[in-house]
Amino acid sequence: MTKQDYLELLVEKIRSTTIATIGADGHPQTRVIDMMLYDEQGVYFLTAKGKAFYAQLMEQGYIALSATKDKISISLRGKIKNISNEKLDEIFEKNTYTPVIIKYPFWQMTAKSPNAIYACINQRQAVCPQEIKKQSICIDWDIGSIINQIAIR
């Protein structure tokens with residue numbers, strides 16, 4: 001198999017991976033991240049600038065990645081590079097299941113503004129980063145139901 005074959009398997013078949021970095025305490029830290037896109041340059045994923053994971057990536061510049069699904073297993077390690085918004089449109093086109101990405105700029109704005117409040121109504125995805133938890137209202141409910149109830153009254 002070629003490098004491209006492995007990257008295709010990683011993105012198209014497996015998708016969810018475990019990425020390891022070194023935490024601020026000097027110990028290994030892992031998190032599950034979806035691989036969103038691949039090309040001849042490598043594999044692409046997203047994270048928010050306000051997260052500890054982003055800070056670790058920028059500081060360390062390397063990751064170890066493991067993934068397994070349906071008797072397929074892949075492990076990689078290598079250098080990472082921040083490409084900013086370079087492939088964002090392509091990633092969103094290909095990954096229509098990623099509405100949480102819309103929340104990232106709002107999380108960042110809330111983190112930078114001590115008087116701001118982040119509000120989210122989203123069934124099964126009413127979440128926010130720990131950094132803004134005290135400034136957040138997260139309601140795990142279907143927004144359509146809430147609007148219908150308000151409209152009925």
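Among contacts in the protein chain between residues at least 6 apart in sequence, what percentage join residues at least 24 apart? The figure is 44%, a contact being a pair with heavy atoms within 4.5 Å. The model is a predicted one, where local features need pLDDT of at least 70 and side-chain atom pairs count only at pLDDT 80 or more, while totals for chains, interfaces and linings use all residues. Numbering starts from 1 along each chain as its sequence is written, and side-chain values rest on heavy atoms, with hydrogens and water left out.

The protein chain has 5 helices and 8 strands; these are DSSP runs numbered from the N terminus, H or I over at least four residues for helices and E over at least two for strands. Their order along the sequence reads α-β-β-β-β-α-β-β-α-α-β-β-α. The C-alpha trace spans about 60 × 35 × 30 Å along its principal axes. Of the 153 residues, 31% are buried (buried is under 20% relative accessible area, exposed is over 50%, and partly exposed is in between, with a 1.4 Å probe and protein chains only). About 10,600 Å² of the chain is exposed, and carbon and sulfur atoms supply 54% of that; accessible areas come from the Shrake-Rupley method with a 1.4 Å probe, and for residues only the protein chains shown count as cover.

Now for the sheet. It is open and has 4 strands, ordered β2-β1-β5-β6, with antiparallel pairing (two strands pair if DSSP finds at least two bridges between them). β2 and β6 sit at the edges, each pairing on one side only. From one strand to the next, the twist averages 20 degrees; axes here are lines fitted to C-alpha atoms, for helices over the stretch in contact, and angles between N-to-C directions run from 0 to 180 degrees.

At the β2 edge, β1 (residues 16-22) and β2 (residues 28-34) pair over 7 bridges, and S16 faces D34 in β2. These two strands make a hairpin with 5 residues in between, and G26 in the turn shows a positive phi of about 85 degrees. Over at the other edge, β5 (residues 62-69) and β6 share 8 antiparallel bridges, with I63 partnered by G78 in β6. Two helices join in: α1 (residues 3-14) lies across β1, β5 and β6 at about 115 degrees to β6. Helix α2 (residues 52-60) packs on the sheet too, touching β1, β2 and β5, and its direction makes about 65 degrees with that of β1.

Charged side chains give 2 salt bridges (a side-chain nitrogen of Lys or Arg within 4 Å of a carboxyl oxygen of Asp or Glu). In one of them K87 meets D39, with the closest N and O atoms 2.9 Å apart. K87 is in the loop between β6 (72-79) and α3 (88-94) and D39 is in strand β3 (residues 37-39), so the pair ties together parts 48 residues apart in sequence. K87 and D39 are both buried. K87 also bridges to E90, with a closest N and O separation of 3.9 Å, and D39, K87 and E90 are thereby linked in a salt-bridge network. E90 counts as partly exposed because its relative accessibility is 40%.

Finally, a nonpolar surface patch is formed by I117, I121, I137, I139, W141, I143 and I147, together offering about 650 Å² of accessible area. Patch members have over 30% relative accessible area and no salt bridge; like charges are joined within 9 Å and nonpolar side chains (Val, Leu, Ile, Met, Phe, Trp, Tyr) within 5 Å. β8 (136-139) and α5 (143-152) each supply at least two of the patch residues. I117 is in the loop between α4 (103-112) and β7 (118-121), and its 60% relative accessibility is why I117 counts as exposed.
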